[in-house]
Amino acid sequence: MKNIIAALAIVAATPAMAQDKMTLLLDWFVNPDHGPIIIAEENGYFADEGLEVEVVAPADPSAPPRLVAAGQADLAVSYQPQLHLQIHEGLPLKRVGTLVATPLNCLLVLKDGPIQGLSDLKGKKIGFSVAGVEEAVLQAMLGEHGVTPSDIEMINVNFSLSPSLMSGQVDAVIGAFRNFELNQMEIEGVEGRCFYVEEEGVPSYDELIYVANPDRMDADKIARFLAATEKATQYIVNNPEKSWEIFAATSTELQDELNARAWVDTLPRFALRPAGFDAGRYARFEAFLKDSGMIDSLNPVEAIAIDVTAQ
């Protein structure tokens, strides 16, 4: 009996195993796009994988990939189209996982406005937030309808995409997320309409991905991170209402109609297999950027994306 009590005392005095710490930089403030990350934290899936994940919203949305490249964080949420360009710029980055596995981007117009088809954009103004890939996307979408870059006027509206459209400052906006801007406009009493990029000549791609510096990353920790978010995604799919309650309870700022609607629209777009990837999808988008004149050469898929679970 004394031996048993002594053994129990030793167990009680033994500290819990230390969790491996990770830092994840988001692409923007917390929103339904980040559902699997937040649910993995709230449901204890990160802890189950021996991880303590610090989730950080950036002050500058363009900074996270560069901070990861510089070794200032383990992972960043970023965008597949931007990753291709960043690698060509020389940033040491690779896609190591997928968060949202379909495009969210669309070209947004007023539903009852003068733009009923893409050919109607000739001579019109199109708003955008971030220059770069959007130019190639527009060129592909409009080229199918006889509209050239010289036929339109591009206006930088910063992040006021739907407000600039509703106010009449522009006739359309590119870079609007179909799960947010459409809902935002409807809530404000203005119906919008999306022209979906993947239906208008742009190769399909992963909207939100996890990127890491391949020279600095810990593949085992990232594999465990992806296992936790996969489990969270399965929980979300199986329990959409309960998972929304858990997600929304983390911040009063999330508890509104826009986020509730966006949650429903985003749910079917989460990557069910965050670690898995389609090599052809990355090769096709790389070729698309070269054909569009955005890049001068083609990188092999292995220089762009990897499956850390296969290492």
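The protein carries 22 positive and 45 negative side chains. The centres of these two sets lie 4 Å apart. The model is predicted.

**Fold and overall dimensions**

Twelve helices and ten strands make up the secondary structure count. The radius of gyration is 22 Å, and the globule rule gives 19 Å for 311 residues; the two are close, so the protein is as compact as a globular protein of that length. The C-alpha trace spans about 90 × 45 × 30 Å along the principal axes.

Contacts with a separation of 6 or more were also sorted by distance in sequence. Residues 24 or more positions apart account for 80% of them.

**Surface and burial**

Of the 311 residues, 48% count as buried. The accessible surface comes to about 14,500 Å². Carbon and sulfur atoms hold 50% of that surface.

**The disulfide**

The count comes to one disulfide. It joins cysteine 106 to cysteine 194, with an S to S distance of 2.0 Å. Cysteine 106 lies in strand β5 and cysteine 194 in strand β9, so the bond ties together parts that are 88 residues apart in sequence. The table sets out the two ends.

| Cysteine | Strand | Strand residues |
|---|---|---|
| Cysteine 106 | β5 | residues 105-110 |
| Cysteine 194 | β9 | residues 192-196 |

Are the two sulfur partners, cysteine 106 and cysteine 194, buried or exposed? Both are buried. Each has under 20% relative accessible area, the cut-off for that class.

Methods. Residues are numbered from 1 along each chain as its sequence is written. This is a predicted model: local features need pLDDT of at least 70, side-chain atom pairs count only at pLDDT 80 or more; totals for chains, interfaces and linings use all residues. Side-chain values use heavy atoms; hydrogens and water are left out. Helices (H or I, at least four residues) and strands (E, at least two) are DSSP runs, numbered from the N terminus. The radius of gyration is taken over C-alpha atoms; the globule rule is 2.2 Å times the number of residues to the power 0.38. Buried means under 20% relative accessible area, exposed over 50%, partly exposed in between (1.4 Å probe, protein chains only). Contact means heavy atoms within 4.5 Å. Accessible areas come from the Shrake-Rupley method with a 1.4 Å probe; for residues, only the protein chains shown count as cover. Lys and Arg count as positive and Asp and Glu as negative; His and the chain ends are not counted. The place of a charge is taken as NZ of Lys, CZ of Arg, CG of Asp or CD of Glu. A disulfide is a pair of cysteine sulfur atoms within 2.5 Å.
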